[in-house]
Amino acid sequence: GEGLMLDIVDVFLNTGFEGGRHQRRVDKISAIDMASATDVGGLAEGMSEVANTAKIAGISMDKLLGYLATIGEVTQEGMGSVGTGLNAVFARMGNIKLSRLKDYQNNGEDLSNVETVLRGEGINLRDKTDQFRNFGDVLDEVAGNWNNYSDVSQRAIAQSFAGTHHMNEFITLMTNYKKAQEYEKVSENSTGSTDKKYKVYE
């Protein structure tokens, strides 16, 4: 287990997430490993794909680990590709925020009508002062209303947020969002998890 832990720390050194010492971050990943059907190596791989865009989008590390674990567990996809899917969502929102209206991760899809489509579904990316809201808060809100949208609306929303290629991961996250929130709490409360997990190796 020792070499793997060092790899994970290495990933975290390069992710740019604030919030305490490296041990604290490793605790978070260990806690999710124990609580979910995902593992340390996969979570670290997923994180490395998406950490920078998540940080720019204002997604906390706890929330991000919840998203990665949930999509990975439900879809059984490789965690690298789960990370890539989330990266596409966050990068897309980042582009809209910067008024870059082409999404080059989705074959140059036009982003100019994304906010209009979302507004039509009652979803606002900006607050009353026209500032972009925290994207984690936006996703919490969308997920809270998810079952009230028609199938057609759900697909339109997923395509707006994730692009054509990553709609399914987005829909998976929305339909399993309670699980993601449970894992987010596990991560928030994870101090000392690494010690518990690695006691078995002693």
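User: Does Gly42 count as buried or exposed?
Analyst: This is a predicted model, and the values here are computed from it. Gly42 sits in helix α3. Its relative accessibility is 8%. Buried means under 20%, so Gly42 counts as buried.

User: How far apart in space are Gly42 and Gly78, C-alpha to C-alpha?
Analyst: Along the sequence, 36 residues separate Gly42 from Gly78. In space, their C-alpha atoms are separated by 7.5 Å.

User: Is Gly41 buried, partly exposed or exposed?
Analyst: Gly41 also lies in helix α3. Its relative accessible area is 27%. Buried needs under 20% and exposed needs over 50%. The value for Gly41 falls in between, so this residue is partly exposed.

User: What is the C-alpha distance in space between Gly41 and Ser30?
Analyst: Gly41 and Ser30 are 11 residues apart in sequence. From C-alpha to C-alpha, the distance in space is 9.9 Å.

User: How many helices and strands are there in the protein?
Analyst: Read along the sequence, the pattern is α-α-α-α-α-β-β-α-α-α-α-α-α. Each α is a helix and each β is a strand. The totals are 11 helices and two strands.

User: What percentage of the residues of the protein count as buried?
Analyst: The protein has 202 residues. A residue counts as buried under 20% relative accessible area. The share of residues that pass this test is 50%.

User: Among contacts between residues at least 6 apart in sequence, what percentage join residues at least 24 apart?
Analyst: Start with the contacts in the protein whose residues are at least 6 apart in sequence. Then keep those that join residues at least 24 apart. The share kept is 64%.

User: How far apart are the end C-alpha atoms of helix α4?
Analyst: Helix α4 covers residues 61-75, which makes 15 residues. The rule uses 1.5 Å times one less than the number of residues. The helix should therefore span 21 Å. The model agrees, with its end C-alpha atoms apart by 21 Å.

User: How many of the residues of α4 are buried?
Analyst: Helix α4 is mostly covered. Lys63 is one residue in this helix, and Lys63 is buried with a relative accessible area of 8%. Of the 15 residues in α4, the buried number is 13.

User: Which residues is Lys63 in contact with, leaving aside its neighbours within four places in sequence?
Analyst: Lys63 comes within reach of distant parts of the chain: Tyr183 is 120 residues away in sequence, yet the two C-alpha atoms are separated by 8.0 Å. Contact is a separate test, with heavy atoms within 4.5 Å. Leaving aside sequence neighbours within four places, the contacts of Lys63 are Gly136, Asp140, Tyr177 and Glu184.

User: Which residue with a positive phi follows α4?
Analyst: Most residues other than glycine have a negative phi. The residue here lies in the loop between α4 and α5 and counts as exposed, at 63% relative accessibility. Its phi is near 60°. The residue is Gln76.

User: What value is phi of Asp130 near?
Analyst: Asp130 is in the loop between α6 and α7. It is partly exposed, with a relative accessible area of 48%. Asp130 is not a glycine, yet its phi is positive, near 70°.

User: Which residues touch the most other members of the largest nonpolar core?
Analyst: This core has 47 residues. Among the elements that give two or more residues to it are α3, α4 and α5. Phe161, for one, is in contact with Val89, Met93 and Phe170, among others. The residues that touch the most other members are Phe90, Phe135 and Phe161.

User: How much space lies in the largest cavity?
Analyst: Rolling a probe the size of a water molecule over the atoms shows where empty space is left. A search of the whole structure finds one cavity of 30 Å³ or more. The space in the largest cavity is about 110 Å³.

User: Which helix gives the most to the lining of the largest cavity?
Analyst: The lining includes Ile56, Met93, Lys97 and Phe135. Its residues divide into seven nonpolar, one polar and two charged. Helices α3, α5 and α7 each supply at least two residues. The top contributor, with three residues, is α5.

How values were computed
Residues are numbered from 1 along each chain as its sequence is written. This is a predicted model: local features need pLDDT of at least 70, side-chain atom pairs count only at pLDDT 80 or more; totals for chains, interfaces and linings use all residues. Side-chain values use heavy atoms; hydrogens and water are left out. On a 1 Å grid over the protein atoms alone, a cavity is a set of points where a 1.4 Å probe fits but cannot get out, and a pocket is an open set with protein on both sides within 12 Å along at least five of seven lines; lining residues have an atom within 4 Å of a point. Grid points are joined across faces, edges and corners, and a volume is the space filled by probe spheres set on the points. Helices (H or I, at least four residues) and strands (E, at least two) are DSSP runs, numbered from the N terminus. Ala, Val, Leu, Ile, Met, Phe, Trp, Tyr, Cys and Pro count as nonpolar, Asp, Glu, Lys and Arg as charged, and the others, Gly among them, as polar. Buried means under 20% relative accessible area, exposed over 50%, partly exposed in between (1.4 Å probe, protein chains only). A nonpolar core is a set of buried Ala, Val, Leu, Ile, Met, Phe, Trp, Tyr and Cys residues joined through side-chain atoms within 4.5 Å.
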